[in-house]
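User: I have a model open on my screen and I'd like to learn how to read it. Can you walk me through it, feature by feature?

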Amino acid sequence: MKNELTSLESLWFIVSQHGRELIFALIVLIVGLYIAKWLTRLLRIGLGKITRNHQLISNVCYTFYTLLMFFVIAWAAEEVGFEVRIVFRILMLVSLIAIGAMVLFRPYLPSLPFKVNNTVKIGDILGKVEVTTFLNTRIKTFDGKTVFIPNRQVFNDVVINYQYTETRRIKVDVRIRYDQDILHAKRVMESVMIADSRVEHTPRPVVYTLALEDSWVKLGARCWVDNQKYWILRCDLTEKIKYGFDGEGIRFAFPQMDMHHYPSTSTETDVIINDKP
């Protein structure tokens, strides 16, 4: 009980002697951090108008925000009574140790297999990378959810980076009836891809006969496109192939069952079922 009273008396003495400085230092810290975030946001917007390198923007903004934090902490510490030179020396020492450790151990540290603004799939989560920090990765899914994934989980899980390469191959598979002209259908699909200026000319677009299945012939169109245009162009090509087939009278296949009824001389009835397109 005596120790608790002594602690309370010491705390009251500090507050009574330095209360004004402590309150002002707290205000400086809160307002300073708010202004630092606001200035960093303005810097991010300005850099976004100059460059599309999101990783560079993230690194510059992070460094800028860290420097502002050092300045705010030093200012708040000065208001409490610490000497600015001592505070700056401590902050500089900590910064130099951190930078030196990063330089020495960076080659031995694992790196994330994606950059900011890449479309990735981590486990069952598909979305676009918004921010990466030392502890976690923030992903915005395509249905509007924000997901924070610990980096340790990223390193231990399967990661698909859909934008790691500059180009990507589009696959559009269709099924036509057996009584249709396969070569004509392939020419229509090829012409649709060649006519679209977004499709890369090298490698050349090509159409394969993939399989002769029970109820249809399976054809596959393949072409290479810029990674940023992949999804929209895939949807457009699928639609254009549909309209191209309609214009040329090429009929798609769909599961169909024909039932043939044959009268029998016996009391029973024979039913033969054939599956065909």
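Analyst: Sure, we'll go through a sheet, a hairpin, the cores, the cysteines and one arginine. Keep in mind that this is a predicted model.

User: Let's start with the sheet. In what order do the five strands lie, and is the pairing parallel or antiparallel?

Analyst: Reading across the open sheet, the order is 4-3-2-1-5, and the pairing is antiparallel. Strand 4 (146–150) and strand 5 (159–161) each have a single partner strand, so they stand at the edges with one side lacking a neighbour in the sheet. On average, neighbouring strands are turned by 40° against each other, direction ignored.

User: How many bridges hold strand 1 and strand 2 together?

Analyst: Four bridges, linking residues 119–122 with residues 125–132 in the antiparallel sense. You can trace the register yourself: Thr119 has Lys128 as its bridge partner, and Ile122 stands opposite Ile125. The hairpin has two residues between the strands, and Gly123 takes a positive phi near 65° there.

User: And what does strand 1 do with strand 5?

Analyst: Those two run antiparallel as well, joined by three bridges. Look at Ile122 again: in strand 5, Val159 is the residue opposite.

User: Now the cores. What's the general idea, and which residues have the most contacts inside the largest one?

Analyst: In soluble globular proteins, nonpolar side chains tend to be buried together. Here the largest nonpolar core has 22 residues, and Ile170, Met189, Leu237, Ile241 and Phe245 have the most contacts inside it. Two or more residues each come from strand 6 (167–176), helix 5 (182–195), strand 8 (217–226) and helix 6 (230–248). Try clicking on Met189: beyond its neighbours within four places in sequence, its contacts include Val172, Leu219, Ile241 and Phe245. There's also a second, separate core of eight residues, with Phe114, Val120, Ile139 and Ile149 among them.

User: How many disulfides should I look for?

Analyst: A disulfide is a covalent bond between the sulfur atoms of two cysteines. Searching the whole structure turns up zero of them. As for individual cysteines, Cys223 has a relative accessible area of 1%, so it counts as buried, the cut-off being under 20%. Cys235, at 34%, is partly exposed.

User: Last one: where is Arg177, and is it buried or exposed?

Analyst: Arg177 is in the loop between strand 6 and helix 5. Its relative accessible area is 14%, so that arginine is buried. Its side chain makes a polar contact of 3.0 Å with the side chain of Asp179.

Key. Residues are numbered from 1 along each chain as its sequence is written. This is a predicted model: local features need pLDDT of at least 70, side-chain atom pairs count only at pLDDT 80 or more; totals for chains, interfaces and linings use all residues. Side-chain values use heavy atoms; hydrogens and water are left out. Two strands pair if DSSP finds at least two bridges between them. Axes are lines fitted to C-alpha atoms, for helices over the stretch in contact, and angles run from 0 to 180 degrees between N-to-C directions. A disulfide is a pair of cysteine sulfur atoms within 2.5 Å. Buried means under 20% relative accessible area, exposed over 50%, partly exposed in between (1.4 Å probe, protein chains only). A nonpolar core is a set of buried Ala, Val, Leu, Ile, Met, Phe, Trp, Tyr and Cys residues joined through side-chain atoms within 4.5 Å. Contact means heavy atoms within 4.5 Å. A polar contact is a pair of N or O atoms within 3.5 Å; within protein, one must be able to donate a hydrogen and the other to accept it, and residues adjacent in sequence count only if both atoms are side-chain atoms.
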